Every structure is written in C-alpha cells, then in structure tokens.
Amino acid sequence: MASNKNIAWLAIELMDLTSLSESDTDDRIVQLCENAKVKDHSVAAVCVYPQFIATARNHLNSIDAKKVKVATVVNFPDGSSDLERVNKETLLALEDGADEIDLVFPYQDFIQSNHPIAQQVISVCRVACGSRHKLKVILETGELKEPGLIEAATQLAIDGGADFIKTSTGKVAVNATLEAAEIILNCIKKSGKSYVGFKAAGGIRTTQDAKAYLDMAARIMGEYWITPQHFRFGASGLLDDLKYTLGLGEQSEQKGY
C-alpha cells in the first residue's frame, strides 16, 4: 500500500487545479497558477472560466510551467441544449488558448429522454475540439442520480468521442461520489476503450478522499492506467490538504470546489 505522501504527490500530478467562482479576478487566477507548481512537481492543468484563459496561459509560461494545461468550461453550469452556444463557446475558448474543454452534458434533456440532443451537443463540441484538444464531458451525476441513467449517459459520451468522463460541475448539491465513480469506471472498462479517462470533481478535499478514488480506479482499471492522461481530480481545496500531508503547509478548513 502506498504511503500517504506518495498518494499526495500522485494526486497533485493528477489535479485540475480549479477556480470557478463568480468573484474570480486576474489576480486570483495568477495566484492559482502560482500554486500549480509544488517543488519539482506540477498539477496536470488549471481549470478557469473562459475569460481567464489568456491570463492563466501567460502566467504559466512565465513561471516555466508550460506543460501545465489550461482547461476551461463551456455550456456551464446549466448544460443547455443550445448547439450554437456550445459551438461558439468552444471555438472562442480554443482561439484564446485553451488546451482542454470541460463540456456540461445536457443532463436535464437526457433525464427527459431527449437523447438525440445530448448526442448532438457532444458531437458539436467534439468537432470543434478536433483531435488536438481534449474533451471532458461533465455528466452532473448528482442530478442524474439513478445508476441506470449515469451508465447510459457515460456510454453516450464515450460513443460521442469524449476523452474524459467527468462527474460534476461542483455547482449542485451532490457532486462527485464513489458510487457514481464506480459506475463510470466500470462503463469505461466494459466499453474496451481504456484510452477514455475519468475526472472526479466537486467535494474532494482530503488526501484520504483522493486515496479512495485512486484505490477504486486501480481496482477497476489497473494501477498502470492512473496517469494524467486517464485520471484527474477537479479540485481547489484538495491541494491544501495534500501539502499538509507532505509537510509543506498548515492544515486548514477545506472549502471551495
């Protein structure tokens, strides 16, 4: 069994360090980027609102963190079925320098059995992303609720070309859960498309929280699969606890995404 320190270092390298607050400013995003490097390790990506893409990219470049990806959100947080909106937001984000797109799945339409529009939303975003940019599809599993719906949505997203299946926006009452993660991971395993990744987002705040997801992923997909190409944590407060575990910071009350 890996030590807590090893788990903490791994979790840092798998993190999409996130700030998606209405009160975000350029200064706040600069500080987020400063936190993206921890000694000789760095997070996988920073995830910010579209208006801060250039700020994030420029500052990451300035601190020699060019390998840290810049992710942003589209169709966020409501998950509309407006195809023109999805296409426009995605193209603008990529033009501004985003490396990865986190698309909110039209979960409300999907719950109402409008599967064709859900397919179209993913397809529009996939085409806009092309082959150079990663597409993470946010299912909003806390709103889908039923295991059958989560599984069906996961399969639809995989079939639509998602590079990652992400649990949540972090903006609803129930976000990432181990139960939803298990359904998604098993669906990826069953599909035979092990290149599809998984992102747990919302409510993951401690090293022990991270360990629980990592243990599950190792059990279902294998330890070899747990790399930034296949596994991410979408979080902000988690970093503080990881640093505390590593003896690099003080323990603090966990808040945020």
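In helix α11, which covers residues 238-245, the residues L238, L239, D241, L242 and K243 are buried. This briefing concerns a predicted model of a chain whose secondary structure comes to eleven helices and ten strands. Its topics are helix α11, the overall form of the chain, the nonpolar core, a pocket, and several residues with notable backbone geometry.

**Helix α11 and its surroundings**

- The buried residues of α11 pack against two helices, α1 and α10.
- They also pack against the strands β1 (15-19), β2 (37-38) and β10 (231-235).
- Just after α11 comes G247, whose phi is positive, at about 75 degrees.

**Overall form**

- The chain has 257 residues and a radius of gyration of 17 Å, which agrees with the value near 18 Å that a compact globule of this length would have.
- The C-alpha trace spans about 50 × 40 × 30 Å along its principal axes.
- Of the 257 residues in the chain, 53% are buried.
- Among contacts with a separation of 6 or more, 75% are between residues 24 or more positions apart.

**The largest nonpolar core**

- In soluble globular proteins, nonpolar side chains tend to be buried together.
- Here the largest nonpolar core has 86 residues, and V46, F105, F198, F231 and F233 are those with the most contacts inside it.
- Helix α10 gives the most to this core, with seven residues.
- Leaving aside residues up to four places away in sequence, F198 touches F164, I165, T167, A181, I184, L185 and I188, and also Y213, W225, H230, F231 and R232.
- One of these partners, F231, is itself listed among the core residues with the most contacts.

**The second largest pocket**

- The second largest pocket has a volume of about 260 Å³.
- Eleven residues line the second largest pocket, and A2, L10, L214, D215 and E223 lie nearest its centre.
- Helices α1 (4-13) and α10 (207-221) each supply at least two residues of the lining.
- The largest share of the lining, four residues, comes from α10.
- By class, seven of the lining residues are nonpolar, one is polar and three are charged.
- Helix α10 thus appears in three settings: it lines this pocket, it contributes to the largest nonpolar core, and it packs against buried residues of α11.

**Backbone geometry**

- Most residues other than glycine have a negative phi, and most peptide bonds are trans.
- The peptide bond from F76 to P77 is cis, and its omega is near -5 degrees.
- P77 is found in the loop between β5 (69-74) and α4 (83-95).
- S113 is not a glycine, yet it has a positive phi of about 70 degrees.
- The loop that holds S113 runs between α5 (107-111) and α6 (115-129).
- S113 is exposed, because its relative accessible area of 56% is over the 50% cut-off.
- E140, another residue other than glycine, has a positive phi, near 60 degrees.
- E140 lies in the loop between β7 (134-138) and α7 (141-144).
- E140 is buried, because its relative accessible area of 0% is under the 20% cut-off.
- The two loop residues therefore contrast in their surroundings: S113 is exposed, whereas E140 is buried.

Methods
Residues are numbered from 1 along each chain as its sequence is written. This is a predicted model: local features need pLDDT of at least 70, side-chain atom pairs count only at pLDDT 80 or more; totals for chains, interfaces and linings use all residues. Side-chain values use heavy atoms; hydrogens and water are left out. On a 1 Å grid over the protein atoms alone, a cavity is a set of points where a 1.4 Å probe fits but cannot get out, and a pocket is an open set with protein on both sides within 12 Å along at least five of seven lines; lining residues have an atom within 4 Å of a point. Grid points are joined across faces, edges and corners, and a volume is the space filled by probe spheres set on the points. Ala, Val, Leu, Ile, Met, Phe, Trp, Tyr, Cys and Pro count as nonpolar, Asp, Glu, Lys and Arg as charged, and the others, Gly among them, as polar. Buried means under 20% relative accessible area, exposed over 50%, partly exposed in between (1.4 Å probe, protein chains only). Contact means heavy atoms within 4.5 Å. A nonpolar core is a set of buried Ala, Val, Leu, Ile, Met, Phe, Trp, Tyr and Cys residues joined through side-chain atoms within 4.5 Å. The radius of gyration is taken over C-alpha atoms; the globule rule is 2.2 Å times the number of residues to the power 0.38.
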